[in-house]
Amino acid sequence: MAAKYLKSLAKAEFKAFLESFDFVLSDCDGVLWREKEVIKGSPETVARFKESGKKFFYITNNNCKTRAELVDKCKSHTYEAAVEEILCTSYLAAVYLKEQNFKKKAYVIGSEGITKELDAQAIKHCGLGPDPIEGDELDMLMNFKKDPEVGAVVVGFDKHFSYPKLVKAATYAHDRGNHFIGTNPDFERPSPNENLFPGAGCYLLAIEAAAGRKAVVLGKPEPFVSELIRKKYGVNPARTLMIGDNLSTDILLGKRCGFTTLLVMSGITTKEELEKQRRDSPNSILPDFYADQLSDVLDCLQTS
């Protein structure tokens with residue numbers, strides 16, 4: 001039966017759970033931290049996984065940082081990590097274009113996390129930073145001239161998103177000869193307070209609507225990241241645990257890949273939402289196990 005509460009498992013069941021996987025793929029924001037706040041008990045749980053011989057990898061839809069910057073963030077939050085243990089969507093965008101033998105210029109809706117990863121692959125780019133409207137929207141539209149060197153649009157989280165950026169991204173993306181890439185589909189980021197924290201998927205949806213075209217999405221739960229995980233880490237799906245806080249990205253990726261899945265309630269998905277899914281939608285996405293937070297694993301270890 002799907003969606004077993006971790007703390008409800010009998011000692012033998014919990015032992016069988018722990019012995020069922022050798023690889024751990026974990027989301028970051030909402031599982032290990034909330035922006036600048038470490039989620040209590042998560043560093044100790046990750047350390048325990050590693051001490052017991054599990055291979056631990058950080059699989060995040062974050063596109064605002066490079067892999068190297070995420071290593072620094074892990075260390076600042078008391079997690080041990082190496083660049084080769086991290087997959088983030090800024091890196092995925094650069095890898096995807098490199099695999100396509102892309103030689104032109106990418107128009108980027110996003111941050112330096114994306115452009116630094118593009119630089120590492122020697123891919124030219126433009127669009128980074130503020131692009132405020134000058135005059136009215138008609139003046140802007142009439143004055144914009146397409147750059148013939150642009151052959152791709154990459155959409156991530158952009159704190160400088162503006163109407164001129166929407167016009168330019170949609171215009172380039174409307175040309176089906178250009179690559180149109182979404183780093184990730186997340187409409188929401190785990191918020192550190194009661195305010196909603198819209199994510200990159202909101203920008204992507206607006207650009208798709210304006211361009212009349214769907215993007216190739218690279219991050220969880222889409223095929224590109226799942227194939228890269230298999231190639232990069234050589235995981236055995238039957239011996240892999242996927243941990244996440246989001247049913248529609250983390251858990252769906254795990255289900256598509258044949259991983260065991262553990263949903264934690266310290267980020268996006270709430271217990272109420274999980275129960276509603278289980279009650280109202282017989283074909284809905286459900287994890288194999290769920291917990292209030294990752295440190296529940298430690299609590300179960302202490303009682304088993």
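Two residues are in contact here when heavy atoms of one come within 4.5 Å of the other's. With that in hand, the predicted model can be read around Asp29, which touches Arg34, Glu35, Pro190 and Asp245, leaving aside residues up to four places away in sequence. Asp29 sits in the loop that links strand S2 (23-26) to strand S3 (33-34). Its relative accessibility is 16%, and because the cut-off for buried is under 20%, Asp29 counts as buried. One of its contacts comes with a polar pairing: a polar atom of the Asp29 side chain lies 3.1 Å from the backbone nitrogen of Glu35.

Asp29 also turns up in the UniProt record. That unreviewed entry puts the feature "binding site" at Asp27, Asp29 and Asp245. These residues span 219 residues in sequence, yet no two of their C-alpha atoms are more than 8.4 Å apart, so they gather at one spot. As for the pocket, Asp27, Asp29 and Asp245 are included in the lining of the largest one.

Next comes Asp245, found in the loop between strand S12 (240-244) and helix H10 (247-257). At 2% relative accessibility, Asp245 counts as buried too. Setting aside residues up to four places away in sequence, Asp245 touches a list of residues that takes in Asp27 and Asp29, the other two positions of the UniProt feature. Also among its contacts are Gly30, Val31, Pro190, Asp250, Leu263 and Val264, along with Gly267, Ile268 and Thr269. Pro190 is listed for Asp29 as well. Here again a side chain meets a backbone: the backbone nitrogen of Ile268 lies 2.7 Å from a polar atom of the Asp245 side chain.

Turning to the sheet, five strands form an open sheet in the order S8-S7-S9-S10-S11, with parallel pairing. Strands of a sheet pair through backbone hydrogen bonds, either parallel or antiparallel. At the edges are strand S8 (124-126) and strand S11 (216-217), each of which pairs on one side only. Strand S7 (residues 105-109) runs parallel to S8 and is joined to S8 by three bridges. In one of the pairings between these strands, Lys105 has Lys124 of S8 as its bridge partner.

Helices pack on this sheet as well. Helix H5 (residues 112-120) lies across S7, S8 and strand S9 (150-155), and runs at about 160 degrees to S7. Helix H7 (residues 163-174) lies across S7, S9 and strand S10 (179-182), at about 140 degrees to S7.

Technical notes: Residues numbered from 1 in each chain as written. Predicted model: local features only at pLDDT ≥ 70, side-chain atom pairs only at ≥ 80, totals over all residues. Heavy atoms only, no water. UniProt positions renumbered as here; feature names shortened; annotations may be inferred. 1 Å grid on protein atoms, 1.4 Å probe; cavity = no way out; pocket = protein on both sides within 12 Å on 5 of 7 lines; lining within 4 Å. Helix = DSSP H or I, 4+ residues; strand = E, 2+ residues; numbered from the N terminus. Buried < 20%, exposed > 50% of the residue type's maximum accessible area, 1.4 Å probe, protein only. Polar contact = N/O pair within 3.5 Å; in protein donor to acceptor, adjacent residues only side chain to side chain. Pairing = 2+ DSSP bridges. Axes fitted to C-alpha atoms, helices over the stretch in contact; angles between N-to-C directions.
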